[in-house]
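I opened this notebook to record what I looked up in one structure, entry by entry. The coordinates come first and my notes follow.

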Amino acid sequence: MTSNEEHVGPRQLSGKTAVVTGAASGIGRETALVFAARGARVLAVDLNPDGLESLRLEEPAIEILAQDLTASDAAGRVFTACQERHGTPNVLANIAGKAGDRPVADTSDDDFEFFVRLNLTTTFAMSREAVAAFGPDGGAIVNTSSTFGLVGVQGSAPYSAAKGAVSSLTRQMAADYGRQNIRVNAVAPGLIETPATAAKVAEGVFDDLVTRSRPLPRIGRPADIAHTFAFLASDDAAFITGVTIPVCGGWSTTRFRER
């Protein structure tokens with residue numbers, strides 16, 4: 001048994017080689033741990049080297065790579081490193097990204113480009129490289145959309161636009177590469193308590209917008225998203241492609257009023 005005992009489930013990813021981005025904290029970190037516990041060889045990628053070192057201390061079997069994914073040559077560097085350390089990859093989990101709150105009128109061109117670059121351009125570049133790097137048996141790409149990309153939410157224009165485009169790209173790539181046995185799906189998280197959201201969750205910032213308006217009352221956990229990533233990356237999802245699965249406690253799919 002590895003040190004990663006709390007993440008152990010069915011070894012449904014045995015034989016898989018996975019690249020996981022955004023792996024230094026939050027959802028990306030949890031996904032890397034779940035993948036490793038379920039049998040995958042994992043290359044964890046993030047801009048934050050200290051977070052990656054902490055991840056490796058928790059699970060020494062995970063290989064790490066500190067890399068700024070917005071660099072023009074980042075995708076090639078990542079997949080070259082994966083090939084050198086683990087062999088041919090067959091799973092890509094695109095998790096790196098950043099949220100933000102502002103309406104169109106308060107969004108400068110630089111703001112818009114920033115959110116698009118972090119949430120969409122990096123996903124596009126990594127996915128393009130994955131298609132070239134996957135072997136003849138194909139593989140699975142799992143992207144990170146957002147419930148903010150599925151429904152209209154006040155004050156989130158650049159982030160929502162980028163995440164909506166991720167879902168669109170997911171469908172389009174599924175159509176293009178299915179005959180190469182490459183499945184492309186996405187996960188759309190709702191409110192998840194991570195280091196990036198913990199302070200606002202504690203202050204109750206999301207209570208009216210999210211917590212009181214969904215049927216499942218608790219705050220989402222990174223594990224809720226990581227387990228969905230693991231399912232979509234596995235052969236259990238062998239006949240699923242082109243979908244975005246919301247994992248949000250029903251927030252994006254129901255109309256609920258707390259009584």
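What span should the twelve residues of helix α1 (residues 26-37) have at 1.5 Å a residue, and how far apart are its end C-alpha atoms? I took helices as DSSP runs of H or I of at least four residues and strands as runs of E of at least two, numbered from the N terminus, and the expected span as 1.5 Å times one less than the number of residues. The expected span of α1 is 16 Å, and its end C-alpha atoms lie 17 Å apart, which agrees.

Before going on I noted that this is a predicted model, in which local features need pLDDT of at least 70 and side-chain atom pairs count only at pLDDT 80 or more, while totals for chains, interfaces and linings use all residues. Residues are numbered from 1 along each chain as its sequence is written, and side-chain values use heavy atoms, with hydrogens and water left out.

Next I looked up burial (buried is under 20% relative accessible area, exposed over 50%, partly exposed in between, with a 1.4 Å probe and protein chains only). Twelve of the twelve residues of α1 are buried, so the helix is largely enclosed by the rest of the structure. Its buried residues pack against β1 (17-21), β2 (41-46), α2 (49-58), β4 (91-93), β6 (182-189) and α7 (222-233), where contact means heavy atoms within 4.5 Å. Just after α1, I found Gly39 with a positive phi of about 105°.

I then turned to nonpolar cores, meaning sets of buried Ala, Val, Leu, Ile, Met, Phe, Trp, Tyr and Cys residues joined through side-chain atoms within 4.5 Å. The largest holds 32 residues, of which Val20, Phe35, Val42, Ile62 and Phe229 touch the most other members. The elements giving two or more residues to this core are β1, α1, β2, α2, β4 and α7. Leaving aside neighbours within four places in sequence, I listed the contacts of Ile62, which include Ala32, Leu33, Ala36 and Val42. A second, separate core has 26 residues, among them Val116, Ile141, Ile182 and Val184.

For the cysteines, I searched the whole structure for disulfides (cysteine sulfur atoms within 2.5 Å) and found zero. Cys82 is buried at a relative accessible area of 0%, and Cys248 is buried at 8%.
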